[in-house]
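Dear colleague,

Here is the structure I promised to pass on, with my notes on what was found in it below. Please read them with the coordinates open beside you.

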Amino acid sequence: MGETSKVGISASKVVALIGTLILIRDSIFYFYTVDLIAILLGILGLIIAFVVFDSLEIIDFKKLKIPYIWWVLLIIGILLLLLEFVVRSASSTFLAGILVITAAILEILSQKKSYTASKIVVLIGAGWLIYESIMGIIGGSITGIAKAIVGIIFAIILLLTLYDKIDIKIPYSWWVVLIIGFVIFTWVTPVSGTIIMVAFILLLMAY
């Protein structure tokens, strides 16, 4: 298990919990469609959400004990990405799958050596932001390209704050991550912005 803070929950479980809440939201959205496959996947998504939620041991279901193991999280995360790829709806963000996979990565690292969980999440968020920005440039619209440029600039700033040897006069601190996450969420892409703001939550919890 990963190191826990004063609130009694590991960084990995915090990320998994947020990913599960997003999965519940996305699964419910599928019920507003007339696509039978989307509705079935929505039901499956809720079942998966229950499995992850039970493994977090936030609520004791007593008779049902699902272990919280990194490879289980990894399989679930990959499955969620595949499900969203199959649905391919306008509301598909792949965010739930990304966060669950991130939780699996944090759980793996917690068993190997000491690490800074928030920095790992920032790294993943910056990487996904660069990916989304490149897709925006490929899209070709003026607005998309403008957002992509802003996204790439902030992604580079985030990555530079992770390395102490490079002094860019911008510290790696909660308010920097919060501001960048908010800007990205509001004006560039809510998916990458959410991942970065999850890192902000971990920073506040001293991870």
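**Aromatic pairs**

Phenylalanine 182 has a relative accessibility of 43% and therefore counts as partly exposed. Please keep in mind, here and in everything that follows, that this is a predicted model. Tryptophan 187, for its part, is exposed, with a relative accessible area of 53%. The ring centres of phenylalanine 182 and tryptophan 187 lie 6.1 Å apart and the ring planes stand at 85°, so this pair is edge-to-face; an angle over 60 degrees is what that class requires.

A search of the whole structure gives four aromatic pairs. In another of them, the rings of tryptophan 174 and phenylalanine 200 have centres 6.3 Å apart and planes at 40°, so that the pair is classed as tilted. This pair links distant parts of the chain, since tryptophan 174 belongs to helix α7 (residues 174–188) and phenylalanine 200 to helix α8 (residues 190–204), with their positions 26 residues apart in sequence. As for their surroundings, tryptophan 174 is partly exposed at 45% relative accessibility, whereas phenylalanine 200 is buried, with a relative accessible area of 13%.

**The chain as a whole**

The secondary structure comes to eight helices and zero strands, so the elements read α-α-α-α-α-α-α-α from the N terminus on. The radius of gyration is 18 Å, close to the 17 Å that the globule rule gives for 207 residues, and the chain is therefore as compact as a globular protein of that length. Along the principal axes, the C-alpha trace spans about 55 × 45 × 25 Å.

Of the 207 residues, 43% are buried. If one takes the contacts between residues at least 6 apart in sequence, 62% of them join residues at least 24 apart. The chain exposes about 11,200 Å², and carbon and sulfur atoms supply 73% of that area.

**Two buried positions in helix α5**

Which residues does serine 118 touch, once those up to four places away in sequence are left out? They are Tyr172, Ala199, Leu202, Leu203 and Tyr207. Serine 118 is placed in helix α5 (residues 117–139) and, at 0% relative accessibility, counts as buried. With tyrosine 172 there is also a polar contact, side chain to side chain, at 2.7 Å.

Leucine 129 is likewise placed in helix α5, and with a relative accessibility of 0% leucine 129 counts as buried. Apart from neighbours within four places in sequence, leucine 129 is in contact with Gly151, Ala155, Ile184, Val188, Thr189, Ser192 and Ile196. Leucine 129 and valine 191 are 62 residues apart in sequence, yet their C-alpha atoms are 8.2 Å apart in space.

**Around tyrosine 172, and a second lysine over a ring**

Tyrosine 172 also has the charged end of lysine 119 over its ring, 5.3 Å from the centre. Elsewhere, lysine 13 lies over the face of tyrosine 68, at 5.3 Å from the ring centre.

Tyr172 appears once more among the residues that threonine 161 touches, the others being Ile168, Ile170 and Pro171, when residues up to four places away in sequence are not counted. Threonine 161 lies in helix α6 (residues 142–161) and is buried, with a relative accessible area of 6%. A polar atom of the threonine 161 side chain lies 2.5 Å from the backbone oxygen of leucine 158.

**Positive phi values**

Two residues deserve a look at their backbone angles. Phenylalanine 94 has a phi near 65°, which is a positive value in a residue other than glycine; phenylalanine 94 is placed in the loop between α3 (70–87) and α4 (95–112), and at 24% relative accessibility counts as partly exposed. Alanine 206, although not a glycine, has a positive phi of about 70°. Alanine 206 is found in the segment after α8 and is exposed, with a relative accessible area of 71%.

With best regards

Key:
Residues are numbered from 1 along each chain as its sequence is written. This is a predicted model: local features need pLDDT of at least 70, side-chain atom pairs count only at pLDDT 80 or more; totals for chains, interfaces and linings use all residues. Side-chain values use heavy atoms; hydrogens and water are left out. Helices (H or I, at least four residues) and strands (E, at least two) are DSSP runs, numbered from the N terminus. Buried means under 20% relative accessible area, exposed over 50%, partly exposed in between (1.4 Å probe, protein chains only). A polar contact is a pair of N or O atoms within 3.5 Å; within protein, one must be able to donate a hydrogen and the other to accept it, and residues adjacent in sequence count only if both atoms are side-chain atoms. Contact means heavy atoms within 4.5 Å. Rings of Phe, Tyr and Trp (its six-membered ring) pair if their centres lie within 6.5 Å; planes under 30 degrees apart count as stacked, over 60 as edge-to-face and the rest as tilted. A charge sits over a ring if NZ of Lys or CZ of Arg is within 6 Å of the ring centre and within 35 degrees of the ring normal. The radius of gyration is taken over C-alpha atoms; the globule rule is 2.2 Å times the number of residues to the power 0.38. Accessible areas come from the Shrake-Rupley method with a 1.4 Å probe; for residues, only the protein chains shown count as cover.
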